[in-house]
Amino acid sequence: NVGCIPSKALLESSELYHVAGHDAAAHGIDISGVKLDLAKMLSRKDKIVKDLTGGIAFLSKKNKIEAFRGFGRIIAPGKVVVKTDEGEVNLNAKSIVCATGSVPVELPFLKYDEKKIVSSTGALSLEKVPKKMVVVGGGVIGLELGSVWLRLGADVTVVEFADKICPFMDQQMVGVLRKSMEKQGMKFITKAKVTGSSVKGNTVTLTYEDMNDNSNKTLEADVVLVSTGRKPFSEGLGLDEIGVQKDKRGFVTVDHHFQTNVPGIYAIGDLIPGPMLAHKAEEEGVALAEMLAGQAGHINYATVPSVIYTFPEVASVGLSEEQAKEQGLPIAIGTFPFIANGRAKALGATEGLVKIITDNRSDKIIGGHIVGPRASELLGEIVIAMEFGGSSEDLARSFHAHPTLNEVVREAALAVAKRARQM
């Protein structure tokens, strides 16, 4: 509704707009007078969301799942009250699963009005392209939504508290991404602590401390997107009243079967620790449903993929090079660039590389990282290889059609043993 799908719809539309205005000429396609119809672009995004949520509603009905639309609250183990437009409904159940997701973190000096100071939700529905946008937070959401408005014509500056963007991802990949984004026009200010804001007319003025020299500086923008993280959405569920334990960050504490300290009450997804990713929540939901049905549900958290859907994309699974070294693991690394790949050249998208990290004792793959075209799709074979305990040699000896982008994955796997053939 307000996350994965609408943001990817806008990323796709804005990329096409950028290609039409900037890149088509290199293919011998002369497009003149390219115009943006923002209202139509947003309408397309809304239709995609409506179609998919409608499909889920259809599947629920088809599978005889009864839905109650309203606000639910647990009043006791096995008992839920739902406040609907028609009144309150009392439900009884052997098992109650909390899956209410997360909400954007709001800073006290950057209160959302969803017009000038916006959350990731508000950034999906701006009425016009801002001349200047400041993104507070250099993580996945900030980079994705910042790149949407950058492509559509905004001057975008990212302000990040840490000394680098995306500090938890493989930094070789992030370095390539940052250079590419800077080439596209995005500006970055790191080691900057935002301390306040004011709105006058159509201008938002941010104040921040430059921690490189401890000086105070200001930035002006038409729109400020605050993307400083998300927090579990557990308010009003009744968890505190029935004694469900949470950690100091507000995440619900669960055991290996997703059960809280209160028997019969379970939690999954963004409510519990771990990466706040839709596919992680989905697999937890499936595993828990299997457990509740008496089957053996299972989650392998070592193979949860992460993606930044910018251009180029960044996709990762397993340990980064920095994490592997911090753990003292003996590792071997193979890398291979897209610039040497025939399909990438045909696409006109040669920025980036694939990196395979293995345990040097067994050749078992423990990390895979891609920055480049369609990285989100290419990562899948590394995820599968890791799920089955595969080695770099397993990937290297598998057929890869020619010419395809995923030949770069194979060459990176070959490069672990210094056997890459295309360089």
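I started with the second largest pocket and asked who lines it: the largest share of its lining, 8 residues, comes from α1. A note to self before going on: this is a predicted model.

**The pocket**

I looked up how much space the second largest pocket holds, and got about 920 Å³. I then listed its lining, which runs to 27 residues. Nearest the centre I found Glu 15, Val 19, Asp 23, Phe 311 and Ala 349. Which helices supply at least two residues each to this lining? I noted α1, α4 (171-184) and α9 (375-378). Sorting the lining residues by character, I got 9 nonpolar, 8 polar and 10 charged.

**Helix α1 and its partner**

Since α1 had turned up in the pocket lining, I checked how it packs. I jotted down a reminder that two packed helices are described by the angle between their axes and the distance between the axes. Helix α1 covers residues 4-23 and helix α3 covers residues 140-151. I read off an angle of about 35° for the pair, and their axes are 9 Å apart. The crossing of α1 past α3 is left-handed. On the α1 side, I wrote down Ser 7, Lys 8, Leu 10, Leu 11, Ser 14, Glu 15, Tyr 17 and His 18 as the residues making the contact. From α3, I have Glu 144, Leu 145, Ser 147, Val 148 and Arg 151. This contact splits into 5 nonpolar, 4 polar and 4 charged residues. Glu 15 is on both of my lists: it is in the contact with α3 and is one of the residues nearest the pocket centre.

**Backbone oddities**

Phe 311, another residue from the pocket centre, sent me to its peptide bond. Is the bond from Phe 311 to Pro 312 cis or trans? I found it cis, with omega near 0°. Pro 312 sits in the loop between β16 (306-308) and β17 (313-318).

I also noted a cis bond from His 402 to Pro 403, with omega near -5°. Pro 403 is in the loop that joins α11 (392-396) and α12 (407-416).

Then I stopped at Lys 64, which is not a glycine yet has a positive phi of about 60°. I placed Lys 64 in the loop between α2 (38-62) and β1 (71-76).

**The whole protein**

Last, I stepped back and counted 12 helices and 20 strands. The radius of gyration is 23 Å and the globule rule gives 22 Å for 423 residues, so I put the protein down as being as compact as a globular protein of that length. The C-alpha trace spans about 65 × 60 × 50 Å along its principal axes.

Technical notes
Residues numbered from 1 in each chain as written. Predicted model: local features only at pLDDT ≥ 70, side-chain atom pairs only at ≥ 80, totals over all residues. Heavy atoms only, no water. Axes fitted to C-alpha atoms, helices over the stretch in contact; angles between N-to-C directions. Helix = DSSP H or I, 4+ residues; strand = E, 2+ residues; numbered from the N terminus. Left-handed = near helix turned anticlockwise from the far one by under 90°. Contact = heavy atoms within 4.5 Å. Nonpolar A, V, L, I, M, F, W, Y, C, P; charged D, E, K, R; others polar. 1 Å grid on protein atoms, 1.4 Å probe; cavity = no way out; pocket = protein on both sides within 12 Å on 5 of 7 lines; lining within 4 Å. Points joined across faces, edges and corners; volume = space filled by probe spheres on them. Rg over C-alpha atoms; globule rule 2.2 N^0.38 Å.
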